[in-house]
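Biologist: I would like to learn how pockets and helix packing are read from a set of coordinates. Could you take me through the general idea and then through the case at hand?

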2 protein chains.
Amino acid sequence: MNNPCSQHQHPHRLVQQPLTELTAKLRQHSRKITGPRQAILDVLRRHQNPMANREIHAALGQECDLATVYRNLHTLEDMGLVRRFDFGDGTARFELVPEGDDGHHHHLICTRCSRIVEIDECFPVEVEQALARRHGFTEITHKLEFFGVCAQCQAKSAPAVP
Amino acid sequence: MNNPCSQHQHPHRLVQQPLTELTAKLRQHSRKITGPRQAILDVLRRHQNPMANREIHAALGQECDLATVYRNLHTLEDMGLVRRFDFGDGTARFELVPEGDDGHHHHLICTRCSRIVEIDECFPVEVEQALARRHGFTEITHKLEFFGVCAQCQAKSAPAVP
DNA sequence: GCGACGTTTGCAACCTGTTTGCAAACGACT
DNA sequence: AGTCGTTTGCAAACAGGTTGCAAACGTCGC
């Protein structure tokens, strides 16, 4: 692969810091540490908000194929290094799972400009479990996202008061 | 259009019961009462659970084109006669909005067999509004769906105890 | 009833996000 | 260095959904 890391960056990247948890998890699944893999994680590390496959691919430059991005996000998701979000626009988005964190959280998304805010509020566990019990379900989880119009967008559309 | 209603069913369908609210709303939007339109609403009326475009089209037989189903579900959604749901599998599903009802509710979906249960629990309004205020958002809404394994599917996968 | 006019339909082509088959390239281990 | 399973790029395939267009239809005024 045409991995720019070995050309433009520290040549010993393979034995650098991210190795700690990454290699461990990769080994666990008999997966390999590859250029694209690291590059994708780097991109996610540098971004605050969930990113789409296309965005990650773009941020990577021509470093690897879009199909590779898709495939890697699947494997990283399976390994629990990355979390998938679905904002209902038909595009999956991914976030890095912070080390040793269950990291469960939700988002508030502006329906005008797509600004994304991370939210700590969550659906009450007791209610969720009662609900599961009542319907005989187990292994219960939920998806929860909030939508609205952010302050900026409200300002933009507010009529000028003379 | 090849509308089987006029062949196989009551020929006076156009002046039947659903007209009440339907015609009113359609007129409001200067929309017409067409065969496919009614047929789609009939199908939804007969089904308890949210249906995908494809399913509705299939239930309709060759009564109308799939593109027509898509277009009509959009218009019906715009008019508030139908509500769209997104269970994260990349397929939109639709439910009839009960007459004169805000009908806001959520679902519990079995991740094995896709069984769907309608749920009344909802995210606490006060918390939602506090959240909106804190982040300067207005017009706040949410999407919330629960996933789990239903009783039947648990039974199937449970090891037989001798 | 009948015609005019805007709406809706079927059809086929298209778009976008995502997946897949395959041969070549690569990473880890001996 | 050699081996073997994993990963990659590429191009083609999918799937859900959308769209342009001409023909068919529903509504409304006469």
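**Pockets and helix crossings**

Modeller: Let us start with the second largest pocket, whose lining residues divide into nine nonpolar, nine polar and seven charged; please keep in mind that the model is a predicted one.

Biologist: How is such empty space found, and how much space lies in the second largest pocket?

Modeller: In general, rolling a probe the size of a water molecule over the atoms shows where empty space is left. Here the second largest pocket holds about 470 Å³ of space, and among the 25 residues that line this pocket, those closest to its centre are A:Leu81, A:Leu96, A:Val97, A:Pro98 and A:Glu99. Two or more lining residues come from each of α2 (19–28), α3 (35–46) and β3 (92–96) of chain A.

Biologist: Which domains of chain A does that lining draw on?

Modeller: At least three of the lining residues come from each of domain 1 (1–99) and domain 2 (104–162) of chain A.

Biologist: What can be said of the largest pocket, and which residues lie closest to its centre?

Modeller: The largest pocket has about 580 Å³ of space, and it is lined by 24 residues, of which A:Thr141, A:His142, A:Lys143, B:Phe87 and B:Phe147 are the closest to the centre. The elements giving two or more residues to this lining are β2 (82–86) and β6 (138–149) of chain A, together with β4 (106–110) of chain B. The largest share, six residues, is that of β6(A), while by class the lining of the largest pocket has eight nonpolar, eight polar and eight charged residues.

Biologist: Turning to helices, how should I read the angle at which α3(A) and α5(A) cross?

Modeller: An angle of 65 to 115 degrees counts as roughly perpendicular. The axes of α3(A) and of α5 (residues 66–78) in chain A come within 10 Å and cross at roughly 75 degrees, and α3(A) and α5(A) are therefore roughly perpendicular to each other. On the α3(A) side the contact is made by A:Pro36, A:Arg37, A:Ile40, A:Leu41 and A:Leu44, and on the α5(A) side by A:Thr68, A:Val69, A:Asn72, A:Leu73, A:Thr75 and A:Leu76. Sorted by class, this contact of α3(A) with α5(A) comprises seven nonpolar, three polar and one charged residues.

Biologist: At what angle do α3 and α5 of chain B cross?

Modeller: In chain B, the axes of α3 (residues 35–46) and α5 (residues 66–78) come within 10 Å and cross at roughly 75 degrees, which makes α3(B) roughly perpendicular to α5(B). Residues making the contact include B:Ile40 and B:Leu44 of α3(B) and B:Val69 and B:Leu73 of α5(B).

Key
Residues are numbered from 1 along each chain as its sequence is written. Chains are lettered from A and ligands numbered from 1 in the order in which they are written. This is a predicted model: local features need pLDDT of at least 70, side-chain atom pairs count only at pLDDT 80 or more; totals for chains, interfaces and linings use all residues. Side-chain values use heavy atoms; hydrogens and water are left out. On a 1 Å grid over the protein atoms alone, a cavity is a set of points where a 1.4 Å probe fits but cannot get out, and a pocket is an open set with protein on both sides within 12 Å along at least five of seven lines; lining residues have an atom within 4 Å of a point. Grid points are joined across faces, edges and corners, and a volume is the space filled by probe spheres set on the points. Helices (H or I, at least four residues) and strands (E, at least two) are DSSP runs, numbered from the N terminus. Ala, Val, Leu, Ile, Met, Phe, Trp, Tyr, Cys and Pro count as nonpolar, Asp, Glu, Lys and Arg as charged, and the others, Gly among them, as polar. Domain bounds come from an automatic or database domain assignment. Axes are lines fitted to C-alpha atoms, for helices over the stretch in contact, and angles run from 0 to 180 degrees between N-to-C directions. Angles under 35 degrees count as roughly parallel, over 145 as roughly antiparallel, 65 to 115 as roughly perpendicular and the rest as oblique. Contact means heavy atoms within 4.5 Å.
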